[in-house]
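The exercises below are meant to be worked with the sequence and the model open side by side. Try each task before reading its solution.

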Amino acid sequence: MTEHGGPDERPRRRGQGELESQVLAALRQAPGPVTAAWVQERLGGDLAYTTVMTILTRLQAKRAVTRERAGRSFEWRAASDEAGLAALRMRKVLDGETDREAVLARFVTTLSADDERLLRDLLALPEDGFPEGGAEG
């Protein structure tokens with residue numbers, strides 16, 4: 001019998017992107033670069049090691065994580081938070097379109113007044129992303 005009910009009931013299947021989010025969350029909580037086995041353990045150990053490696057490799061291709069050689073293995077580190085991962089997905093969609101101007105125009109016209117104001121404020125920042133006078137702090 002499983003913890004979910006009857007003996008034939010399967011565990012809930014995770015949604016697309018849910019595992020990536022969980023892996024990124026684990027990496028952001030890590031004390032530094034960690035192994036795939038460390039990530040697997042933090043996710044409850046119910047995932048196969050190969051599944052964790054597949055997710056890490058996909059995240060690396062999306063530039064959401066980085067890896068560095070550690071002996072015969074790799075250690076992984078989050079290169080992006082959830083906002084960064086969402087931005088990468090948005091950029092990928094935009095890069096796949098032939099009429100970028102139309103896509104951006106349509107996107108901007110669907111923003112709420114608050115989001116439009118926020119976008120205008122962000123676009124007014126210098127290229128380094130900080131208000132005049134230097135870095136945050």
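**Exercise 1. How many residues lie between β1 and β2 in the hairpin, and which residue in the turn has a positive phi?**

Before starting, note that this is a predicted model, in which local features need pLDDT of at least 70 and side-chain atom pairs count only at pLDDT 80 or more, while totals for chains, interfaces and linings use all residues. Residues are numbered from 1 along each chain as its sequence is written, and side-chain values use heavy atoms, with hydrogens and water left out.

Step 1. Locate the strands: β1 covers residues 65-70 and β2 covers residues 73-78, and the two run antiparallel, joined by six bridges (strands pair if DSSP finds at least two bridges between them).

Step 2. Check the partners, with Val65 bridged to Ala78 and Ala70 standing opposite Ser73.

Step 3. Read off the turn: two residues separate the strands of this hairpin, and Gly71 has a positive phi of about 70°.

**Exercise 2. Place the hairpin in the order of elements along the chain.**

Step 1. Count the elements, which come to six helices and two strands; these are DSSP runs numbered from the N terminus, with helices (H or I) of at least four residues and strands (E) of at least two.

Step 2. Write the order from the N terminus, α-α-α-β-β-α-α-α, in which the two strands follow the third helix.

**Exercise 3. Which residues of α1 are buried, and what covers them?**

Step 1. Test the helix itself: α1 (residues 18-29) has twelve residues, and at 1.5 Å a residue it should span 16 Å, which agrees with the 17 Å between its end C-alpha atoms. The expected span is 1.5 Å times one less than the number of residues.

Step 2. List the buried residues (under 20% relative accessible area, with exposed meaning over 50% and partly exposed in between, for a 1.4 Å probe and protein chains only): they are Leu19, Glu20, Val23, Leu24, Ala26 and Leu27. They cover an arc of only 160° around the axis, and therefore lie on the same side of α1; the arc is that of the directions from the helix axis to the C-beta atoms.

Step 3. Identify the cover, which includes α2 (36-42), α3 (49-61), β1, β2 and α4 (82-95).

**Exercise 4. Which residues touch the most other members of the largest nonpolar core?**

Step 1. Apply the criterion: buried Ala, Val, Leu, Ile, Met, Phe, Trp, Tyr and Cys residues joined through side-chain atoms within 4.5 Å.

Step 2. Among the 21 residues of this core, Val23, Leu27, Val39, Leu56, Leu59 and Trp76 touch the most other members. At least two residues come from each of α1, α2, α3 and β2, and α1 gives the most, with five.

Step 3. Follow one member: beyond its neighbours within four places in sequence, Val39 is in contact (heavy atoms within 4.5 Å) with Val23, Leu27, Val34 and Val52.

**Exercise 5. Is Arg63 buried or exposed?**

Step 1. Find Arg63 in the loop between α3 and β1.

Step 2. Its relative accessibility is 68%, so Arg63 counts as exposed.

Step 3. Look at its backbone, where phi is near 65°, a positive value in a residue other than glycine. Most residues other than glycine have a negative phi.
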